[in-house]
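Hello,

Here is the structure I promised to pass on. Please open it and keep it beside you while you read my notes below.

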Amino acid sequence: MRSIKPFRSALCATVAAFGLSTAALAQTTWDMPTPYPATNFHTENIQQFANDVASATAGQLKITVHPGGALFKGPEIKRAVQAGQAQIGELLISSLANEDPIYALDTVPFLATSYAEAGTLWSVSRSAVEARLAKHGLKLLFAVPWPPQGIYSKSAVATMGDFKNMKIRSYSPTVARMIELMGGQPVTVQAADLTQALATGVVSANITSSSTGYDSKSWEQLSHYYDVQAWLPKNMVFVSQKVFDGLDAGTRDALLKAAAAAETRGWKTSEEKTAWYIDQLKQNGMQVQPPSDALRGELKKVGDTMTTDWLERAGADGKAILDAYRAAR
């Protein structure tokens, strides 16, 4: 019997080791590129989402967040997830506007200018965004808005004529079109490159949120912020449908529950932090003010023009969404 015990001990050790290796193999790790700094509220919300997923799955699904465009730049993220270079990613919905006008809806100027209106707009357009992502093998998980968009500049702006030939940072096709209608020159600059673009004079004005203005320390190059509240663009988090389908049912359920919680938390945080971001701009010396009546009226006309243009491009699907939004307001 003594000669059998060592054999049994070795066998048990082998079985235990096999069990551990099987558990290790069962663990899934996803890479998640994001375009924004680790300290941005979107990224913080995503990191909490990743933590929630890991906790709910007992570590069997781990999402590694790569902020600040470190793994892939913003324009590369959708393609990277489609190609399997990353499993999950985040990007600005309107950055895909050249693919389909539905993606541009939340950047149509002055269509939805409050969190309540933005929430209504999302509720009537979400299924359309999901359907378009599905055509490319992607599954929407959640979306969170930025604070309302304002205008930063190096000098005072009283009317739209003051934007003539001004180089203004753009982050999507819709924003570029607005800048053109304002008489300015759109220059595409990703969020991760904005600080350098301002410092080197690539742009001298910027249409973005108080959040991005804070992240990029806009007060170091720009002096004025006009709180025009033009629109609330959203970032979306999406996953490869193939990768999602490869998860077991329990893990899929945990992922979707964490995503729903992240969307609710993100909207709440965005709204709560808006006033804080604006206060930070003031404390750092920026002149924060509403637009003049003249400028507000001129910008509203730009918004009306762009709404008409969007409807022409979006066709029947777009009209149905816009009709549903107006009926729900």
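How many residues of each class, nonpolar, polar and charged, are in the lining of the largest pocket? There are six nonpolar, seven polar and three charged residues. Please keep in mind that this is a predicted model.

**The largest pocket**

The space in the largest pocket is about 270 Å³. Its lining is made of 16 residues. Gly74, Pro75, Ser95, Leu96 and Gln190 are the closest to the centre of the pocket. Two helices each supply at least two lining residues: H3, residues 77–82, and H5, residues 173–182. H3 gives the most, with three residues.

**The cavities**

The count is four cavities of 30 Å³ or more. In the largest cavity there is about 190 Å³ of space. Its lining has 17 residues. Nearest the centre of this cavity are Tyr36, Leu92, Arg169, Tyr171 and Ala191. Here strands contribute: E3 (88–92) and E8 (205–209) each supply at least two residues of the lining. By class, the lining of the largest cavity has nine nonpolar residues, seven polar and one charged.

**The sheet**

Next, the six-stranded sheet. It is open, and its strands run in the order E7-E6-E8-E5-E9-E11. The pairing is mixed. E7 and E11 (287–289) are the edge strands, and each pairs on one side only. On average, neighbouring strands are turned by 25° against each other, direction ignored.

Look inside the sheet at E5, residues 149–153. E5 pairs with E8 in the antiparallel sense, over five bridges. Within this part of the sheet, Ser153 stands opposite Ala205 of E8. Helix H5 packs on the sheet and touches E5, E6 (167–170), E7 and E8. The direction of H5 makes about 160° with that of E6. H5 is also one of the helices that help line the largest pocket.

**Three residues to look at**

Start with Gln185, in edge strand E7, which covers residues 185–188. Is Gln185 buried, partly exposed or exposed? It counts as partly exposed, because its relative accessibility is 34%, and that class lies between the cut-offs of 20% and 50%. Leaving out residues up to four places away in sequence, Gln185 touches Asn165, Met166, Lys167, Ile168 and Ile179. Ser170 is 15 residues from Gln185 along the chain, and their C-alpha atoms are separated by 9.2 Å.

Then go to Ser210, in helix H7, residues 210–215. Its relative accessibility is 1%. Buried means under 20%, so Ser210 counts as buried. Which residues does Ser210 touch, not counting those up to four places away in sequence? They are Pro147, Pro148, Tyr152, Tyr225, Thr274, Tyr277, Ile278 and Leu281.

Finish with Glu312, in helix H10, residues 293–328. Its relative accessibility is 63%. Exposed means over 50%, so Glu312 counts as exposed. Glu312 and Pro101 are 211 residues apart in sequence. In space, they are 9.6 Å apart, C-alpha to C-alpha.

**Where to begin**

I suggest viewing the pocket first, with Gly74 and Gln190 among the residues closest to its centre. Then turn to the sheet and follow the strands from E7 to E11.

Best wishes

Methods: Residues are numbered from 1 along each chain as its sequence is written. This is a predicted model: local features need pLDDT of at least 70, side-chain atom pairs count only at pLDDT 80 or more; totals for chains, interfaces and linings use all residues. Side-chain values use heavy atoms; hydrogens and water are left out. On a 1 Å grid over the protein atoms alone, a cavity is a set of points where a 1.4 Å probe fits but cannot get out, and a pocket is an open set with protein on both sides within 12 Å along at least five of seven lines; lining residues have an atom within 4 Å of a point. Grid points are joined across faces, edges and corners, and a volume is the space filled by probe spheres set on the points. Helices (H or I, at least four residues) and strands (E, at least two) are DSSP runs, numbered from the N terminus. Ala, Val, Leu, Ile, Met, Phe, Trp, Tyr, Cys and Pro count as nonpolar, Asp, Glu, Lys and Arg as charged, and the others, Gly among them, as polar. Buried means under 20% relative accessible area, exposed over 50%, partly exposed in between (1.4 Å probe, protein chains only). Contact means heavy atoms within 4.5 Å. Two strands pair if DSSP finds at least two bridges between them. Axes are lines fitted to C-alpha atoms, for helices over the stretch in contact, and angles run from 0 to 180 degrees between N-to-C directions.
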